[in-house]
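Colleague: I am new to this model and would like to take a close look at one part of it, together with whatever surrounds that part. Could you start with the strands and carry on from there in one connected account?

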Amino acid sequence: MKGVLLPGNRQVVVTTFPDPAPANGEVVVRVKASAICRSDLSLYYGQAVVQRDRAGNFISGHEPAGVVEEVGPSVTSVMRGDRVAIYLAIGCGHCRYCRHGDYHLCPDWECLGFTRNGGNAELLVVPERNCLRLPDGMSFVAGAVSTDAFGTLYSACCKLGVAGDKTVAIFGLGPMGSAGVLAAKARGARVLAIDPLSERRDFALELGADRAIDPQADSGVATLMAETNGEGVDFAVDCSGNNKAQNAALDATKRFGKVAFIGESRETTINPSDQLIRKQLTLIGSWYFNISEWDDIARVITTQNIPLEKLVTNTFSLDEAATAFQMFDERKTEKAVFVF
Ligand SMILES: [Zn+2]
Ligand SMILES: [Zn+2]
């Protein structure tokens, strides 16, 4: 079978591998769609965000969906022919985090596409418990995008308490922030979307944002205050990882409000006295989702006809992987997906 390696230094290697066979409790999935993510660029550059000794030597891709092709011994929960998306984290199955469904928090976790072979390949082997059933009517592309992009943002909205009587500000309208617009609207909230790029703001409006705000002047804080009678928004989500946007999220959120940081960054400066303590504000980090949330994520996507395919600006074949990663790196695409 064919698969894509990202050994670093902006190299993309499309090569052949032996077809995988399922061990006990595992399934082989024939991949139908596999989405590219900003975190894949850490491999592309050679500084893997999930770092292990052999980073870049595994097939890339942690947002796949496909059809179960073969089941190993003792597999009972999925069958050949089932349509599934794949949960990216493989946990030990025994620690307190795994027992709660937070495989991505397991101390011994493995990550698809980083520390074991991932979804940018024709075939993929995973434990049966990592299969997330796709409801009828959800496409493979939607399935791929529903894990890391939509699932992460939907989970963050749930943790914050986003609901119909709340106003949410979303900072950074790349694929994650755009998925956040869809997730917050799905929960009924009023959504104020902030990004310096006008085409991203227009796209957020197309996805249902109530207002799109250019942060150039004051990071958008004055507009957000004016939009909320000077009180501030109930919740803010930063998807940019940018210091200015993170501060604006804290400044524009009202007393007792909640802020979630989603966008990755290694360092930032905030003012805890003014931004957190005396506003009694809650700041959370949120990353991916608990596997038990999948049923709700899939149901909301199908019952509300959430147009996840709209987030995808480009599709590629595996043979076009070099072009795909180059265009994604140069921000000539938003969400991009390998289709088979
Ligand atoms: Zn991702
Ligand atoms: Zn574990």
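Modeller: In this predicted model, a good place to begin is the pairing of S3 with strand S4 (residues 64-71), which is antiparallel and runs over seven bridges. Within that pairing, serine 34 has proline 64 of S4 standing opposite it. S4 also pairs with strand S5 (residues 83-86), again in the antiparallel sense, here over three bridges, and alanine 65 has alanine 85 in S5 as its bridge partner.

The end of S3 leads to a metal site. The zinc ion (ligand 1) is coordinated by Cys37 through SG, His62 through NE2, Glu63 through OE and Asp148 through OD, at 1.7 to 2.3 Å. The angles among these four donor atoms are 98 to 122°, and the site is tetrahedral; a site of four donors counts as tetrahedral if all angles lie between 85 and 135 degrees, so that range qualifies. Along the chain, the donors follow the spacing C-x24-H-E-x84-D. The pair of cysteine 37 and aspartate 148 links distant parts of the chain, 111 residues apart: the cysteine sits in the loop between strand S3 (26-36) and helix H1 (40-45), whereas the aspartate belongs to helix H3 (residues 140-160). Buried means under 20% relative accessible area, so cysteine 37, at 9%, counts as buried, and aspartate 148, at 8%, is buried too.

A second zinc ion (ligand 2) has a set of cysteine donors, namely Cys92, Cys95, Cys98 and Cys106, each through its SG atom, at 2.3 to 2.4 Å. Angles of 104 to 116° among the four donor atoms make this site tetrahedral, and in sequence its donor residues are spaced C-x2-C-x2-C-x7-C. As for accessibility, cysteine 92 counts as partly exposed at 29%, whereas cysteine 95, at 18%, is buried.

Returning to helix H3, which carries aspartate 148, we also find glycine 151 there. Its relative accessibility is 0%, so glycine 151 counts as buried. Leaving aside neighbours within four places in sequence, glycine 151 is in contact with Ser146, Phe289 and Ile297. Its C-alpha also lies 7.7 Å from that of tryptophan 294, although these two residues are 143 residues apart in sequence.

The helix matters for the interior as well: the largest nonpolar core has 94 residues, and those with the most contacts inside it are Phe150, Ile170, Val181 and Leu308. H3 gives the most to this core, with twelve residues. Valine 181, taken without its neighbours within four places in sequence, is in contact with Ile170, Leu173, Val191, Ala193, Ala204, Leu207, Gly208 and Ala209. Apart from this core lies another, of 18 residues, and among them are Ile213, Val233, Ala236 and Leu276.

Some of the residues just named belong to a sheet. Six strands form this open sheet in the order S12-S11-S10-S13-S14-S15, with parallel pairing. Strand S12 (211-213) and strand S15 (282-285) stand at its edges, and since each has a single partner strand, one side of each is left without a neighbour in the sheet. On average, neighbouring strands are turned by 20° against each other, direction ignored. Further in, strand S10 (residues 167-171) pairs with strand S11 (residues 190-194) in the parallel sense over five bridges, and valine 168 stands opposite valine 191 in S11. Helix H7 (residues 243-251) packs on the sheet, where it touches S10, strand S13 (233-238), strand S14 (253-261) and S15, and its direction makes about 150° with that of S14.

The start of the chain offers a contrast in pairing. Strand S1 (residues 2-8) has five of its seven residues buried, so it is largely enclosed by the rest of the structure. Five bridges join S1 to strand S2 (residues 11-16), and the two run antiparallel; the bridge partner of lysine 2 in S2 is threonine 16. Two residues lie between the strands of this hairpin, in which asparagine 9 takes a positive phi near 60°.

Methods:
Residues numbered from 1 in each chain as written. Chains lettered and ligands numbered in written order. Predicted model: local features only at pLDDT ≥ 70, side-chain atom pairs only at ≥ 80, totals over all residues. Heavy atoms only, no water. Pairing = 2+ DSSP bridges. Helix = DSSP H or I, 4+ residues; strand = E, 2+ residues; numbered from the N terminus. Axes fitted to C-alpha atoms, helices over the stretch in contact; angles between N-to-C directions. Contact = heavy atoms within 4.5 Å. Donors = N, O, S within 2.8 Å, 3.2 Å for Na, K, Ca; no water. Tetrahedral: all angles 85-135°; square planar, octahedral: opposite > 155°, others 65-115°. Buried < 20%, exposed > 50% of the residue type's maximum accessible area, 1.4 Å probe, protein only. Core = buried A, V, L, I, M, F, W, Y, C linked by side-chain atoms within 4.5 Å.
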